[in-house]
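Subject: Structure handover and notes

Dear colleague,

Please find the structure below, followed by my notes on what was found in it. I would be glad if you could read the notes with the structure open beside them.

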Amino acid sequence: MTQHTTALFEPARLPGLDLPNRLVMAPLTRNRAEADGTPTPLMATYYAQRASAGLIIAEAATPNAVGQTYPNITAVHSPAHVAGWRQVTDAVRDAGGRMFLQLQHGGRVGHPATSGLTPVAPSRVPLPETIFTPEGHRPAVVPREMTAEDIRTTVADFARAARNAIDAGFEGVEVHSANGHLLHQFLARNTNLRTDGYGGPVAARIRFTAEVTEAVAAEIGAGRVGLRVSPGNTVNGIEEGETEEIYPALVERLGGLGLAYLHLGYADPDTPVFRRVRAGWPGVIVANPVLKEISTDGVHRASEALLAAGADLIALGRPFLANPDLVTRLRHRAPLNEMRDRYFMYVGGATGYTDYPALDAQPSSESSDSMVAFDGGRVA
């Protein structure tokens, strides 16, 4: 096979961490944990298979019980969770990889049938759609509006979860302020109707994300902390308002902290907000492209456009899900496995999870034909 040279395969660096290439495995919720959120040995196999990524950002883990979104998602707030994640990080490290853990609180994206608790959110605005629970899809419930004490406690829970992640063997953590979950709900005008210091103008709406990120950085060191945002993303019923003001304001507040990176989900290099964030952010930008065509050529085109626009690392979700050896496939312009959507979420088990073949286990060609899809779905 011919090896193709591109900046994607050049080494890169985060604070205190060398990366062998610029390809990042994006966090993807896969629902393969135990019911209590403890990672399983099957998950260790899954991530170790993908250890050739420059960096793996593991799927979202909740920092407390009320933050749980769906059944069988991971958590990181108990000793059992830490021990389970340690099996995963040990397996990945033995395979030559490096991992961050995404920390995610679902906010209104949750249900008592799953967590046993009423979800909390900035305001009493329910999710405008059904949500999957152990009992199947159920109507969303009205969340409880967070009090000032709830906010302080949740900030502390994130910091404690970050410490647990380091104890579990992760190199760092990613604070999740995207995709319609709790921190994003504080940013958005349709989910944040508060009239206190956490609602109203943009400067107040960014406060919760900033305080969580600052607390996590104070706990484990800013160089071990990334922040994920998804400007303009409407998933989970979000209507941000003032998108082009929110993210430059976040950059201004957090840019001097020395974070490991800023991760832009659904990144479009042609938008004004991408250009403003790139111009204002002093450190590493991780960009997750919208892939209209999930093929070798499609991934290369989208990735190289983002690198040319100033991204430093490229985060890919579904291509890594279906291709444990994605780095090798992209390097040699080999075809990609087709993803089996039926096994993406909620089903559990190894099928559609750890049974995707590596390139050396099947015939190869120089064709780039693969599947056509949107690289979205339930990215963590």
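Does E242 count as buried, exposed or partly exposed, and at what relative accessibility? At 31% relative accessibility, E242 counts as partly exposed, because buried is defined as under 20% relative accessible area, exposed as over 50%, and partly exposed as in between, with a 1.4 Å probe and protein chains only.

Before going further, please note that this is a predicted model, in which local features need pLDDT of at least 70 and side-chain atom pairs count only at pLDDT 80 or more, while totals for chains, interfaces and linings use all residues. Residues are numbered from 1 along each chain as its sequence is written, and side-chain values use heavy atoms, with hydrogens and water left out.

**Overall layout**

The UniProt record, in an unreviewed entry, places the feature "domain: NADH:flavin oxidoreductase/NADH oxidase N-terminal" at residues 8–336; UniProt positions are given in the numbering used here, feature names are shortened, and annotations may be inferred rather than shown by experiment. Over residues 8–336 the chain is 36% helix and 19% strand, and the end C-alpha atoms are 17 Å apart. Helices (H or I, at least four residues) and strands (E, at least two) are DSSP runs, numbered from the N terminus.

**Two helices and what covers them**

The expected span of a helix is 1.5 Å times one less than its number of residues. For the 20 residues of helix 4 (148–167) this gives 28 Å, and its end C-alpha atoms are 29 Å apart, which agrees. Its buried residues include I151, V155, F158, A162 and I166, and what covers the buried residues of helix 4 includes helix 2, strand 6 (99–103), strand 11, helix 5 and helix 7. Helix 4 is followed by G169, whose phi is positive, near 100 degrees.

For helix 7 (residues 207–220), which has 14 residues, the span should be 20 Å, and the end C-alpha atoms are 20 Å apart, which agrees. Among the residues buried in helix 7 are F208, V212, V216 and I220, and the elements that cover its buried residues include helix 4, strand 12 (225–229) and helix 8 (243–254). G221 follows helix 7, and its phi is positive, near 100 degrees.

**Cores and aromatic pairs**

A nonpolar core is a set of buried Ala, Val, Leu, Ile, Met, Phe, Trp, Tyr and Cys residues joined through side-chain atoms within 4.5 Å. The largest nonpolar core has 91 residues, and those with the most contacts inside it are Y47, W85, L101, F208, V216, L262 and L316. The largest share of this core, eight residues, comes from helix 4. Apart from it lies another core, of 15 residues, among them A26, F100, V286 and L313.

Rings of Phe, Tyr and Trp (its six-membered ring) pair if their centres lie within 6.5 Å, and planes under 30 degrees apart count as stacked, over 60 as edge-to-face and the rest as tilted. By this rule the count comes to six aromatic pairs. The rings of Y46 and Y353 have their centres 4.1 Å apart and their planes at 10 degrees, so the pair is stacked. Because Y46 lies in helix 1 (residues 41–49) and Y353 in the segment after helix 12 (326–331), the pair ties together parts that are 307 residues apart in sequence. Both Y46 and Y353 are buried, and ring pairs link Y46, Y47 and Y353 into a cluster.

**Individual residues**

Most residues other than glycine have a negative phi. E242, in the loop between strand 12 and helix 8, nevertheless has a positive phi near 55 degrees. N179, which is not a glycine, also has a positive phi, of about 55 degrees; N179 is found in the loop between strand 11 and helix 5 and is buried, with a relative accessible area of 3%.

S295, in the loop between strand 14 (285–289) and helix 10 (296–308), is buried, with a relative accessible area of 1%. A polar contact of 2.8 Å joins the side chains of S295 and E293; such a contact is a pair of N or O atoms within 3.5 Å, where within protein one must be able to donate a hydrogen and the other to accept it, and residues adjacent in sequence count only if both atoms are side-chain atoms.

With best regards

Terms used
Contact = heavy atoms within 4.5 Å.
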